[in-house]
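Dear colleague,

Please find below the structure I am passing on to you, together with its sequence. My notes on it follow directly after.

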Amino acid sequence: MEITTIGLDLAKNVFQVHAVDAAGDVVVRKTLRRAQLLPFFAKSGPCLVGIEACGTSHHWARELTALGHEVRLMPPAYVKPYVKRGKNDAVDAEAICEAVTRPTMRYVAVKSREQQAALTLHRSRSLLVGQRTQLINMIRSLLAEFGIVIPEGRDRALIMARQIVDSERTPEVPDDAAMIVGMLSQQALDIHARLHAIELRLAALQRSDEVALRLSTIPGIGPVGATALAASVSDPHQFRSGRQFAAWLGLTPLQKSSGGKERLGRISKMGYKYLRRLLVIGATSLVRRAKYKPDTADPRLVALLARKPARVATVAMANKMARIAWALMTRGQVYQAHHAPLLAG
């Protein structure tokens, strides 16, 4: 029997395969060890392979594509409704095999090795930023217990940490507390140095990436946001419009409409959390500039702030930035502040 569709459930060492023929009859249902996976697909003829998108799915998608198979990655949330009952690897593989054949299924574009390498910079940076914030807050709280208050701001806290490490400033605290504060200060400075190295690498990556260079022309998007968008969105053409791209990022209202009545709530937050956070941070800087320097800001943003609260305007600007980013990625253009869209007809 000729295999036409395979559902592959990934794991670290044990993989489950569910294969069907053109009539939908089950041909293969078996468990494979890691060393057996590629030889099995090398012997199989070219077919459609469905995989749930996860941390290792892009690697296996590239490997199976090189063997001549058509690989499609699907969000796990979209595969879940096809699980009939219970949960085990065989049931999951069967559900994947069923879901990949649906004409309305949405797929995840396969990332290249270079894109995944760029995303390692972003994931590491996000982790280190959180650790630096935790260390600074810990230093603040420990010194506050002894009546020593560090002025607000990350830079001022790091300046004090440098003074403590270089023995230019010795807090008047007991010896045990001084030892801990010095250790935490050194760790915060080390993480700050590593973050600086990562940000330099991201700036160099932005200069060498044509897509990231065009994205960085959008107000509110810097080297971090531009490289994150370029690395995360493998194929912008998979989205039919900028609005669909913004919905993928979770920047569109959550609908609870029924009976012909539209009820829109807060943003869905259903999409890519990291990109959404970067866009909101960039939009926050634009809103802040519009509030304090309205003469140099976008007049439309100033008018929006006059009608809506600052946070609502921030999310609206993040949505707009996402739609502009999709347009630049699909059309190969740069941002034009006074662009007038062509009217059809």
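Helix α13 is followed by Gly-332, which has a positive phi, near 70°. Please note that this is a predicted model. The helix itself comprises 22 residues, 310-331, and at 1.5 Å a residue it should span 32 Å; its end C-alpha atoms lie 31 Å apart, so the two values agree.

The interior was also examined for enclosed space. The count comes to one cavity of 30 Å³ or more, and the largest cavity holds about 30 Å³ of space. Its lining is formed by Ile-136, Ile-139, Ala-157, Leu-158, Ala-161 and Ala-188. By residue class, this lining divides into six nonpolar residues, with no polar and no charged ones. Two helices, α5 (113-144) and α6 (154-165), each supply at least two of the lining residues. The largest share, three residues, comes from α6.

Helix α6 also contains Met-160. Is this residue, Met-160, buried or exposed? Its relative accessibility is 6%, and Met-160 therefore counts as buried, the cut-off for buried being under 20%. Leaving aside residues up to four places away in sequence, Met-160 touches Leu-143, Ile-150 and Arg-169. For one of these contacts, Leu-143, the separation along the chain is 17 residues, and the C-alpha atoms of Met-160 and Leu-143 are 11 Å apart.

With kind regards

Definitions and conventions:
Residues numbered from 1 in each chain as written. Predicted model: local features only at pLDDT ≥ 70, side-chain atom pairs only at ≥ 80, totals over all residues. Heavy atoms only, no water. Helix = DSSP H or I, 4+ residues; strand = E, 2+ residues; numbered from the N terminus. Expected span 1.5 Å × (residues − 1). 1 Å grid on protein atoms, 1.4 Å probe; cavity = no way out; pocket = protein on both sides within 12 Å on 5 of 7 lines; lining within 4 Å. Points joined across faces, edges and corners; volume = space filled by probe spheres on them. Nonpolar A, V, L, I, M, F, W, Y, C, P; charged D, E, K, R; others polar. Buried < 20%, exposed > 50% of the residue type's maximum accessible area, 1.4 Å probe, protein only. Contact = heavy atoms within 4.5 Å.
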